[in-house]
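Work through the exercises below with the model open. Try each task before reading its solution.

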Amino acid sequence: MSASQPVIAIIGGGFSGAATAFHLARLLPAGTSDIVVIEPRDRLGHGLAYSTNDPAHRINVAASRMTLISGQAGHFADWLERTGAIVDDAEAIAANGAVYPRRRVFGGYVESHLQPFLDSKTVRHVRSAVASVERNGEGYRLILADGAMLAADALVIATTHPPPALPQALRAVAGAAGLVSNPYDLERLEAIGRDDRVLVVGTGLTSADVIATLDRKGHRGRITALSRHGYRSRGHAAAPADPVGDFTSQPSRSTTVLLRRIRATLADAARGGQDWHPVLDAVRRQGQVIWKALPVAERRRVVRHLRALWDVHRFRVAPQIGDVLDRRIAEGTLAYRAASIANAEQADGGIRVTQRPRRENAVIVETFDTVIVTTGPAHGDILRTNTAIAALARLGLVRLDPIGLGLETDHLGHAVGTSGRSADSIFVSGPLARGGVGELMGIPEVTAHAERIAAEIQHWLDYRTALRRKAS
């Protein structure tokens, strides 16, 4: 089967994996390959982000900017109008007219476009997880969690984000009943009492989602959201504006110079009556060129010193969630704090946490009924948390990128092995490739990357076919 119809196995069926399968199926002639997506969830295209059933969770970018096909910015918005997917969701439309549907609706949109390829058997969904990977001649043998095996000629790593790592200071209470280490565990969140004192560790988008969930279920106790800088995710501009700033004509090779250019552009925009949104939008759109111009040491500086500030401006909350945060702050039931956790212990039926406020000598000691970890994906732990990727690493076929954001890739999207050589038949699609690519977290960027990976797989298949014809 492998000789006549090559098998491309896509590990992970969230947005990255589904988008890669979708574009690969569009590129390849019908019947010339077997595209297999290995995903334990029963539906493709949803993944961790878009499978949530919590009605408080919404896409954090207006629907008009979400798309499965580059160059068709309104693709998702058109689908919403055509299908009436938000007719029963009056809150989906923000005050400025922009549409922010519930997150699972976007998963349904992706699934609906992949479905024709599933119906025609061009794409197959194997509902399992990859437990391990072995070499099998020039290809691979995938051992699945249910004991089945799958032979593949090429692999696409498109797995979901790894879970947050438990902060060192909280490991002493790892077994505490009040510690919620998985912020996506809706059942645990639903069990939190109405008046519980809650500490949310992290102040980014996941933190905002958790607070919105608690608010929706009637929680009225005090919530403290804590991070080293205490930054809260910003909201969207009141009105859309074209990006402002050119950072690619002569891209900076220094973090310091780049920061100065951004600040100067922000000052120019302010003098012209504009706020920061269009400038940061320009940085985002030009992010991959900006990133590639920076040496590895400078990329590390960006991650170490600027990532927290960038994230809260780059990853903006939906207006509906922003309204919840604003209301709770005004009510006095939500406070943001810039501090680190010095230690934690179980006490008084809860978790006593000693916090060290930023730039202060004194400490704050408080007892919370619940502590929720929302520190974001631990990409550096991917070899520990994902058994398939760990197996590939043991074979020397993949390695962590030098920035610590995921897996190292070459400029064509191939995984780089421990020897420093690219693996011709292993590709990385989605955010795990951002250490080399740069900006690769938003849907437009992930879509474009999936399209590039699909095109590269097509080139690899063509080259493989030409070699076999020559050999015969």
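The exercises that follow concern a predicted model.

**Exercise 1. A helix and its surroundings**

Task: Decide whether helix α13 (residues 387-394) is largely enclosed or not, and find what covers its buried residues.

Solution:
- Start with the cut-off: a residue is buried under 20% relative accessible area.
- In α13, Ala388, Ile389, Ala390, Ala391, Leu392 and Ala393 are buried.
- That makes 6 of the 8 residues, so α13 is largely enclosed by the rest of the structure.
- The cover includes β4 (130-136), β7 (154-157), α12 (382-385) and β16 (422-428).
- Now check the ends. Asn386 caps the N-terminal end of α13, with a side-chain oxygen 3.1 Å from the backbone nitrogen of Ala388.
- After the helix comes Gly396, with a positive phi near 80°.

**Exercise 2. The order of a sheet**

Task: Trace the open sheet of 7 strands and name its edge strands.

Solution:
- The strand order is β8-β14-β9-β10-β11-β12-β13, and the pairing is mixed.
- β8 (179-180) and β13 (364-368) are the edge strands, since each pairs on one side only.
- Take one pair inside the sheet. β11 (residues 334-347) and β12 (residues 350-357) run antiparallel and are joined by 8 bridges.
- In this pair, Ala347 has Gly350 of β12 as its bridge partner.
- Next, add the helices. Helix α11 (residues 319-331) packs on the sheet and touches β10 and β11. The direction of α11 makes about 75° with that of β11.
- Helix α6 (residues 205-216) lies across β9 (198-201), β10 (223-227), β11 and β14 (370-373). The angle between α6 and β9 is about 155°.

**Exercise 3. Two loop residues**

Task: Classify Ser252 as buried or exposed. Do likewise for Ala145.

Solution:
- Ser252 sits in the loop between β10 and α7 (255-271).
- Its relative accessible area is 7%, so Ser252 is buried.
- Its contacts, leaving out residues up to four places away in sequence, are Val257, Leu258, Arg261, Ala293 and Leu294.
- With Arg261 there is also a polar contact of 3.2 Å between the side chains.
- Ala145 lies in the loop between β5 and β6 (149-152).
- The cut-off for exposed is over 50%. At 59% relative accessibility, Ala145 is therefore exposed.
- Beyond four places in sequence, Ala145 touches Ser128, Ala129 and Ala131.

**Exercise 4. A hairpin**

Task: Describe how β4 and strand β5 (residues 139-144) pair, and how many residues lie between them.

Solution:
- β4 and β5 pair in the antiparallel sense over 6 bridges.
- Arg135 stands opposite Tyr140 in β5.
- The hairpin has 2 residues between the strands, and Gly137 takes a positive phi near 65°.

**Exercise 5. Nonpolar cores**

Task: Find which residues have the most contacts inside the largest nonpolar core.

Solution:
- Recall a general tendency: in soluble globular proteins, nonpolar side chains tend to be buried together.
- The largest core here has 77 residues, and Phe76, Phe106 and Leu142 have the most contacts inside it.
- Helix α15 (residues 443-471) gives this core its largest share, 8 residues.
- Look closer at Leu142. Beyond four places in sequence, the residues it touches include Ala9, Ile11, Ile38, Val130 and Leu155.
- Another core, of 18 residues, lies apart from the largest one; among its members are Ala56, Ile192, Ala208 and Ala225.

Definitions and conventions:
Residues are numbered from 1 along each chain as its sequence is written. This is a predicted model: local features need pLDDT of at least 70, side-chain atom pairs count only at pLDDT 80 or more; totals for chains, interfaces and linings use all residues. Side-chain values use heavy atoms; hydrogens and water are left out. Buried means under 20% relative accessible area, exposed over 50%, partly exposed in between (1.4 Å probe, protein chains only). Helices (H or I, at least four residues) and strands (E, at least two) are DSSP runs, numbered from the N terminus. Contact means heavy atoms within 4.5 Å. A polar contact is a pair of N or O atoms within 3.5 Å; within protein, one must be able to donate a hydrogen and the other to accept it, and residues adjacent in sequence count only if both atoms are side-chain atoms. Two strands pair if DSSP finds at least two bridges between them. Axes are lines fitted to C-alpha atoms, for helices over the stretch in contact, and angles run from 0 to 180 degrees between N-to-C directions. A nonpolar core is a set of buried Ala, Val, Leu, Ile, Met, Phe, Trp, Tyr and Cys residues joined through side-chain atoms within 4.5 Å.
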